[in-house]
Structures are given as structure tokens and as C-alpha cells.
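Reader: I'd like a close look at one part of this model, strand by strand. Could you walk me through it and then place it in the rest of the chain?

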Amino acid sequence: MSACCNPGLEAVNSSSQEGNLRGVEWLRLGFGGLVAAQSMIFGLAISMTPPEGTARWVLHGTLAGGAVLVFLLVGLPILREAWKAALARRIVVEQLFLAGIVGGFVASAQSTISGSGGVYYEVVSVLVAIYTFGRLMGARRREAAFASVERLTREFSVATTLTCCGKETEVPVAELQGGERVLVRAGDGVPVDGVVESGTAFVREAALTGEPFPVVKRAGDRVVAGSHVLDNSLILMETTGGGARMLDGLIGAV
């Protein structure tokens, strides 16, 4: 099926390029998570037993440096998304994360300089790590969805049409114009939306309708692309051209 018939295909191609950079981001997140964990330990120690003199400046400086390092490694997307949303006059979760990060760092810096109050440098590292983990998990789920779209596109991209003489021809679904007679054998997927012309078979439509059990399809019954014929062959009269199937609408929505 051509890309013009499936808006989801462009997203599939772009997602494969994004996936090449995902491993580096996970490595950065792992390092950032390690720094965040260490910062939490040092932050707890400082809160329980505040250091004095040179030790205080060294520990506070180390925590501040760790927070800045984590933000530079994996936190810049928070700043970019928050800025884009601000320009568009929208409120997004990145702005809330950024507010917590800036607030924690500024309050901690003030405590460091004044010599009184608690420090929360670890808040920066933890918030950045949490945000980045959620973003990467979301990206992984999107990639899985796009892979499913690509699989569906391949599986239902070709139809076996029948001429008036009964000759079988495999034709790309994108080239169908409507009104074609299509043969679907037992065990195959239904590549077109149409009406059963002849044959009786159980058809599984769970992926499209949520119906958990196969339903019987007879002459005159409607079938949709994306379902599967289980036990007998059906001859269908296609009612929609390529790219106008219900399945194409679902793929485009994904």
C-alpha cells in the first residue's frame, strides 16, 4: 500500500530514525539516575548532620555540580518543550517539572550562600531522571504502535481478485477502485471492506470491534479489512476503494 493511503507510514519511517538515538538516551539516563541516587544519599547525610567549613562547601558544590550535569545530559528537552509551550501560550507538564527544578536549585543555592536552611540539589537530578524515564517509555510505546501499523499495512496490502472467468490475480489494495470480487481463503486476513457474495465462514473481528468470539458471515453480510477468515473461503464484493477502508482510518489515527 502506498504511503499516501496510510498517513501512519510517515510516522513509522520517522520513528525508525528516532530509534537510532534511543540507546544513547538510555545510557545518559542511566548515568543521570546514578548521579541522582548518589545526590539523594549525600543530601540525606547533609540534612541529618550539616557539615561545616570546607567540607560544607565541597559537599554543596558537588551536589550542585551533579544537578547541573544531570540537567545538561538529559534535562534539556524539558527546557525546550516548556519554552515551546510558553510561546504557544499553553501549560504543559514540562513547565511544572521546570518550576520544581528551578525552585529546588535556587532555594538550595540561597541556603549554600547564606549558610542556613536545607539544600535540595538532589531534587533537580531526581525530577530530571523521572521526566526522562517517562519520556523514553512513551517513545518506546509509540515505536511499538508504529511497528504494529507497519505489520498491519503489510499483512493487508494485497488482495486476490477474481475475474468473470474465475481467474485469480493478486492486486495491491491501493489500486482497487471498488466493485471488485475478492477471494479470501481460510486462515487469511480480509484485505478489503465489502459484502459476502458467496460462502459461509467464521470471521474473527476482535482487533477491530473487540468482539472476543468469531462471528458467522454469510452471503449479504458485511466484512471489514483487518478481520480474519477462519474455516472456509469467502468471495467478497469490495465496496470501498484502496485507502478508504475502516482499517486505513484506524492506521491513520494511530
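How many bridges join strand β1 to strand β3, and in which sense do the two run?

Author: Happy to, and bear in mind that this is a predicted model. Three bridges join β1, residues 158-162, to β3, residues 181-184, and the two strands run antiparallel. One spot to click on is T160, whose bridge partner in β3 is L183.

That pair belongs to an open sheet of six strands with antiparallel pairing, and the order across it is β2-β1-β3-β9-β4-β7. The edges are β2 (168-172) and β7 (222-223), each of which pairs on one side only.

Step from β3 to its next neighbour in the order and you reach β9. Four bridges hold that antiparallel pairing of β3 and β9, and V184 stands opposite L234 of β9 there. β9 covers residues 234-238 and is mostly covered, with four of its five residues buried. Carry on and β4, residues 194-198, is joined to β9 by four bridges, again antiparallel. In that pairing V195 sits opposite M237 of β9.

There's a second open sheet to look at, with three strands in the order β6-β5-β8 and antiparallel pairing. Its edge strands are β6 (215-217) and β8 (228-229), and each of them pairs on one side only. β5 and β8 run antiparallel and are joined by two bridges; if you want a residue pair to check, R204 has H228 in β8 as its bridge partner.

Now for the helices. The largest nonpolar core has 18 residues, and V70, I78, I101, Y121, V124 and V128 have the most contacts inside it. The elements giving two or more residues to this core are α1 (8-48), α2 (53-87), α3 (93-114) and α4 (121-155). α2 supplies the largest share, eight residues. Take I101 as an example: leaving aside neighbours within four places in sequence, I101 is in contact with F71, I78, V124, L127 and V128. Apart from that core lies another one, of 15 residues, and V184, the residue opposite L234 in β9, is among its members, along with V190, V192 and V203.

α2 deserves a second glance. It has 35 residues, yet its end C-alpha atoms are only 45 Å apart, short of the 51 Å that a straight helix would reach at 1.5 Å a residue. There is a bend of about 70° at V74, and a proline, P77, follows within four residues. After α2 comes R89, with a positive phi near 60°. R89 lies in the loop between α2 and α3, and it is exposed, with a relative accessible area of 80%. For context, most residues other than glycine have a negative phi.

Before you build anything on the coordinates, check the confidence. The protein averages a pLDDT of 82, and 90% of the residues score at least 70. Among the elements, β5 (201-204) has the highest mean, 94, while α1 has the lowest, 67. Over residues 1-9 pLDDT stays under 50, although the model has 23 contacts beyond four places in sequence for that stretch. Where pLDDT is low, the predicted coordinates should not be read in detail.

Definitions and conventions: Residues are numbered from 1 along each chain as its sequence is written. This is a predicted model: local features need pLDDT of at least 70, side-chain atom pairs count only at pLDDT 80 or more; totals for chains, interfaces and linings use all residues. Side-chain values use heavy atoms; hydrogens and water are left out. Two strands pair if DSSP finds at least two bridges between them. A nonpolar core is a set of buried Ala, Val, Leu, Ile, Met, Phe, Trp, Tyr and Cys residues joined through side-chain atoms within 4.5 Å. Buried means under 20% relative accessible area, exposed over 50%, partly exposed in between (1.4 Å probe, protein chains only). Contact means heavy atoms within 4.5 Å. pLDDT is the predictor's confidence in each residue, from 0 to 100. The expected span of a helix is 1.5 Å times one less than its number of residues. The bend at a residue is the angle between axes fitted to the seven residues ending there and the seven starting there.
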